[in-house]
Amino acid sequence: MANKLIVSLSPHVHSGDSVQKNMYGVIIALVPALLASLAFFGLGAAVVTLTSVAACVFFEWAITKFILKREKMTILDGSAILTGLLLAFNLPSNIPMWIIVIGALVAIGIGKMTFGGLGCNPFNPALVGRIFLLISFPVQMTTWPVPGQLTSYLDAETAATPLSIMSQALKSGDASILSQLPQSMDMLVGQTGGSMGEISAIALLLGGAFLIWKKIITWHIPVSIIATVFVLSGLMNLANPVFAGPVSQLLSGGLMLGAIFMATDYVTSPMSHKGQLIYGVAIGFLTVVIRSFGAYPEGMSFAIFIMNAFTPLINTYCKPKRFGEVVKK
Amino acid sequence: MKTFRIGGVHPAENKLSAGKPIVVAELPKQAVFPLSQHIGAPAVACVAKGDVVKVGTKIAEAGGFVSAPIFSSVSGKVNKIDSIVDASGYRKPAIFIDVQGDEWEETIDRSETLVKECDLDAKAIVEKIKNAGVVGMGGACFPCHVKLSPPPGMVPTCVIVNAVECEPYLTADHQLMLEHPEEILVGVQLVMKAVNVTKGYIGIENNKLDAIKLMTEKAVQFPGIEVVPLKVKYPQGGEKQLIDAVIGRQVPAPPALPVSVGAILQNVGTMYAIYQAVMKNKPLFERVVTVTGKSLANPQNFLARMGTPMQQLIDACGGLPEDTGKVIGGGPMMGKALMNTEVPICKGSSGVLIMNMTEAKRAEADPCIRCAKCVSACPMGLEPYLLSTCSAKADWERVEKEDIVSCIECGSCQFTCPSHRPLLDMIRLGKSTVMGIIRARSAKK
């Protein structure tokens, strides 16, 4: 026995952290938002979530087994489940199942496995799926059910969302349209139209607090996005009241979901804290610009997508501060 | 509470042997002294087969300025000068001495009385330390007198004593402080005198409250010496991290020395050895060693003679457990896995750690998910994921540009990696290759 010692280099201990722990940690953090959407959209939310998760896990399994022909199966590491959940959260709760399956195929197939699987994708897979669907099925992707219809799915009644009200105000140049926006309190809780997982800001913030507490993410990306949107839209609102105020901007659309869960995706966000701040500020800026001047009412997903593309560049130029580095004057 | 500013991790402390009194280990039957127990040139043997030596007899001369002499820890007869696989895993020349009795050199003061007054001047103190073979006892084993002789133009402003013991499991320094606080403080005073400064700090992590209390009480009689409690964070015992934690100054990138920000660093065990060398004429031939591990029957702290095989200390703790997977010389973060347990205790042996099979095995590596936890953990502000990938691709130019030589090999990145990637293995490869390239370049000039 004694002559068979393991010899390896230090360190000889490990924190016990694992990919699974991080992925399931994010999934746990999404539970409050999932409960909120079940409470507001009932059956529709359940169908969309289950379809999306099942389809993503299935495609990951099928591609690993039949196309990549890898021995090691990765479906249990939680990343496919997470992509499925995030994709579902980005869809209206009355979207047909076949569209969800296409979205899942694009997200996992094109967004992730084409590049080699976990850790290699340049863009957030769930976002790839969402943007593909948004461009391919603009009607289905932009009619959102009114919350509270717990037993309806495809037949749910639809209505304008806060973002479409904002965009209407901008197009007509009439600031009084903004008075149709729901109360901030309702938007905070989620009593408003929108994609199934993005409506309840408070549930998403709760999940974000959990992620930071568990050290799964750091504060840099979400805080810099939220602060940038707040300041920029605040200034624009002061300059011209036709632009919605900062609080409605923050509580509407996919902003909280994007800032806390989509932009912080490990694989596609910068590595250094400095880089993360630049990335966050740029996402916040692009979001407000697209929302205010673009063709689409929502800019969050495009903003994150664009900045995903800049992540390698940011990593090249934003180095962490080295120990003992002399500040050049 | 003070601590260093960049990165760091907090491994489970597992100080199983904390509070266990220092037990004098039994004499070995044969003591083995590798000639390279320090950084720098190996020592040169000055005894031959058949020579009779006493405890404290010099058996090897320093092999240069950056080197240290070696003294016998036992009395007996030189059996042979051969080689042995030491903690580094390499076969190195060593002196083997068969133990007979326990006869000490007469010059050594073996009394327990505390001697405080020293009328030697700075030069004489350094000379005495040098001639007693004292090296840094925290693990790096840098010859002590070299640190106490700063290069021209560098002016030390303070002495910082490393009593952090940030490695999990190890308690040797902790117990030494509890049992010999005054000797350590006299040692600090001697070093302060040797480098002509008036300020001395003793950095102790906050998980050793009894030592902080005792040292603070005793330090009152020693003007200029201050105990600095530090927040528990690994690798606070790294010299650059400790200087940052205690005096808030960061040593620039290599080749800058700690003295470039005015600090002279010594481990607390070294301070005790300095006291004994200067005040008691006792060269360095024994040290405190923690022998520990979760499946070990009775983890303990020993005062062991150099050259004692580690197996003997393990036996004194209840023997090597059945499920042993790895035996580590030092702590779990930076210690070296040993090939066998016959490796002798050397000047830098702070601990022997036994890990069971389950603890000893590394988990299978997953793909990098770019979570940036290694970047947050790195105490030197480097990007371990990048250094590791580029080293694996043998892109030496890139890793040199990314400051790979600043890496202190603390292992925080690999410890924290959720994908269990062997980051430090690759970085070590890159670092040693780049250092070779740099040496070759400067040799050409």
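**Exercise 1. Identify which residues of helix 12 of chain A are buried, and explain what this says about the helix.**

Step 1: A residue is buried if 20 or more other C-beta atoms, placed from the backbone, lie within 10 Å of its own, and a helix is a DSSP run (H or I) of at least four residues, numbered from the N terminus.

Step 2: By this criterion the buried residues of helix 12 of chain A are A:Leu255, A:Met256, A:Leu257, A:Gly258, A:Ala259, A:Ile260, A:Phe261 and A:Met262.

Step 3: Since eight of the eight residues of helix 12 (residues 255–262) of chain A are buried, the helix is largely enclosed by the rest of the structure.

This is a predicted model, in which local features need pLDDT of at least 70 and side-chain atom pairs count only at pLDDT 80 or more, while totals for chains, interfaces and linings use all residues. Residues are numbered from 1 along each chain as its sequence is written, and chains are lettered from A and ligands numbered from 1 in the order in which they are written.

**Exercise 2. Describe how helix 10 of chain A is placed against helix 12 of chain A.**

Step 1: The axes, which are lines fitted to C-alpha atoms over the stretch in contact, come within 8 Å for helix 10 (residues 220–239) and helix 12 of chain A, and they cross at roughly 155°; such angles run from 0 to 180 degrees between N-to-C directions.

Step 2: Angles over 145 degrees count as roughly antiparallel, and helix 10 and helix 12 of chain A are therefore roughly antiparallel to each other.

Step 3: Two residues are in contact if their C-beta atoms, placed from the backbone, lie within 7 Å; here A:Pro222, A:Ile225, A:Ile226 and A:Val229 in helix 10 of chain A meet A:Leu255, A:Ala259 and A:Ile260 in helix 12 of chain A.

Step 4: The residues of this contact divide into seven nonpolar, no polar and no charged, where Ala, Val, Leu, Ile, Met, Phe, Trp, Tyr, Cys and Pro count as nonpolar, Asp, Glu, Lys and Arg as charged, and the others, Gly among them, as polar.

**Exercise 3. Describe the contact between the two domains of chain A.**

Step 1: The domain bounds, which come from an automatic or database domain assignment, divide chain A into domain 1 (19–140) and domain 2 (183–314), and the C-alpha centres of these domains lie 20 Å apart.

Step 2: The contact takes 32 residues from domain 1 of chain A and 27 residues from domain 2 of chain A.

Step 3: On the side of domain 1 of chain A that touches domain 2 of chain A, helix 1 of chain A gives the most, with 14 residues.

Conventions:
A residue is buried if 20 or more other C-beta atoms lie within 10 Å of its own, exposed if 12 or fewer, and partly exposed in between; C-beta atoms are placed from the backbone. Helices (H or I, at least four residues) and strands (E, at least two) are DSSP runs, numbered from the N terminus. Angles under 35 degrees count as roughly parallel, over 145 as roughly antiparallel, 65 to 115 as roughly perpendicular and the rest as oblique.
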